[in-house]
Amino acid sequence: MITRNRAFAAVAWLALLLLLLLPYSFAAPPSGKHKSDVRGEATNGYHQHTLSWDTYSVATGKTESSSATIALPYGLVRHRHELIHASAGAGWASDMQQLQESQRLSKRLIFGADDRVRVDPATEGQKFPFSAVVRVSTGCSGLLVSERHVLTAAHCLHDGSNFIPSALLFLRAGFIEKDGRTNWHFAKRFFVSSYWKNATRSGSANQHQYQNWDDYDFAVIELGDDLGKSRGFIKPGMSSLFCDNRQSLQGAGSTMQYVSFPDDKSRESLWYTETNVTTESPQLLYFTGDAWHGSSGAGLYAWDYDRNAGKYERRVVAVLSGNRNTESTASIQGNFNVGARLTAANLLQVCRWIGTEGECTERYSQYLDAQQLAKLCKEEYM
């Protein structure tokens, strides 16, 4: 009898335990949860993305590391490097109409005939947007994106392991004057993303599929004077894939323009290029616009519609990084010049550096707000 009672009690306890565990075994995952990726976990349609950067003060020689967490709609966060779209479309009226025909040459990084156009420093060079183009003292180009901030390439200031020595001591930004000479201005400090420093370089045996040489090749230089008040500046804008990579903002087929100081041309001369984006990956724009050493850091700008203002305006949406071949798995094989896109995260990083994060968030709210983005994607594919 005692044995039978013990057996009954054991069965009862086992049944109670199963009843307690049953809801957990078959419960649906919490609503709003998504698979997390390399940057963090997604909740309620948003992905927690960490911004991380170093600020170097030219005056004190000190480096300060900072970080911040932002929430991005999950549909904007993509790290795959396969080429997504390929297109060749026409763009808006360009600044080419202001310039004369250039001499045609054929060199490395020049695709076919050299169609770069020289900007006359005495005339067009003093007019916007050419007046906002900057020559960086480390041998690169850049573009004013605020009254005192210059957008350029990270590799112009940091080689991935260490800061460029000349950037630490004598970093300057120069503007071309009417007589063709460069008027130099000293930098106060500059900002570089920590992801650039930590990115695995192309060709490395340990290369990670989500990290590459060009992905975070953007940086900002802060000047001591508000030169943008007189020379003008082009605000940063977004270039991103969205709607699960079905739609692209300022991507394949878009017309880009950039102005730089290429080393293969006469000293201190300014050259303009217009190009269509041939194809894209989530982080890069691939194009055959001509460039040369010294053009790195040039801002790729395009016409972008401002819903609040009800008009089109120029926005810089990528930074000229260099030249590379497409990935071996890409649908399009070839050699291209590439630009590091100001994706949603990269744009907000730049806007934080220059003090306009609120304005940038409002400007691109239809992509940065999860509900607005979901509505946009639904309307696009109804």
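Are Cys140 and Cys156 buried or exposed? Cys140 is buried, and Cys156 is buried too. These two residues form one of the cross-links described below, in a model that is predicted.

## The chain as a whole

The chain has 382 residues, and 52% of them count as buried. Its secondary structure consists of eight helices and 19 strands. The accessible surface comes to about 17,900 Å², and carbon and sulfur atoms account for 52% of that surface.

Contacts can also be sorted by how far apart the partners are in sequence. Among contacts between residues at least 6 apart, 68% join residues at least 24 apart.

## Three disulfides

A disulfide is a covalent bond between the sulfur atoms of two cysteines. The structure holds three of these bonds. When the bonded cysteines are counted along the chain, the pairing pattern reads 1-2, 3-6, 4-5.

One disulfide joins Cys140 to Cys156, with an S to S distance of 2.1 Å. Cys140 lies in strand 7 (residues 140-144), while Cys156 sits in the loop between strand 8 (149-152) and helix 2 (165-170), so the bond ties together parts that are 16 residues apart in sequence. The torsion about this S-S bond is about -95°, so the disulfide is left-handed.

## The other two disulfides

Cys243 and Cys377 are also bonded, with their sulfur atoms 2.0 Å apart. This pair links distant parts of the chain, 134 residues apart: Cys243 is in the loop between strand 12 (240-242) and strand 13 (247-249), and Cys377 is in helix 8 (residues 370-380). The link is left-handed, with -95° about the S-S bond. Cys243 has a relative accessible area of 3% and is buried. Cys377 is buried as well, with a relative accessible area of 11%. Both values can be compared with the cut-off for a buried residue, which is under 20%.

The remaining pair is Cys351 and Cys360, whose sulfur atoms are 2.0 Å apart. The torsion about the S-S bond is about -75° here, so this disulfide is left-handed. Both Cys351 and Cys360 are buried.

## Helix 5 and its surroundings

Why is helix 5 described as largely enclosed by the rest of the structure? Helix 5 covers residues 344-354, and 10 of its 11 residues are buried, so the rest of the structure largely encloses it. The buried residues are Ala344, Ala345, Asn346, Leu347, Leu348, Gln349, Val350, Cys351, Trp353 and Ile354. Cys351, on this list, is the bonding partner of Cys360.

Arg352 counts as partly exposed, at 31% relative accessibility. The side chain of Arg352 meets that of Glu357 in a salt bridge, at 3.2 Å from N to O. Glu357 is partly exposed, with a relative accessible area of 21%. Just after helix 5, Gly355 takes a positive phi of about 85°.

## Salt bridges

Side chains of opposite charge can pair when their charged atoms come close. A search of the whole structure finds 17 salt bridges. One of them is formed by Asp54 and Lys197, with the closest N and O atoms 2.4 Å apart. This pair links distant parts of the chain: Asp54 is in strand 2 (residues 46-57) and Lys197 is in helix 3 (residues 194-198), 143 residues apart. Asp54 counts as buried at 5% relative accessibility, whereas Lys197 counts as partly exposed at 27%.

Glu222 and Lys188 form another salt bridge, at 3.9 Å from N to O. Glu222 belongs to strand 11 (residues 219-223) and Lys188 to strand 10 (residues 182-193), so far as position is concerned 34 residues apart. Glu222 counts as buried at 5% relative accessibility, and Lys188 counts as partly exposed at 44%.

## A network of charges

Which residues are linked in a network of salt bridges? The members are Asp304, Asp306, Glu313, Arg315 and Arg363.

Conventions
Residues numbered from 1 in each chain as written. Predicted model: local features only at pLDDT ≥ 70, side-chain atom pairs only at ≥ 80, totals over all residues. Heavy atoms only, no water. Buried < 20%, exposed > 50% of the residue type's maximum accessible area, 1.4 Å probe, protein only. Helix = DSSP H or I, 4+ residues; strand = E, 2+ residues; numbered from the N terminus. Disulfide = S-S within 2.5 Å. Contact = heavy atoms within 4.5 Å. Areas by Shrake-Rupley, 256 points an atom, 1.4 Å probe, with all protein chains shown as cover. Salt bridge = Lys/Arg side-chain N within 4 Å of Asp/Glu carboxyl O.
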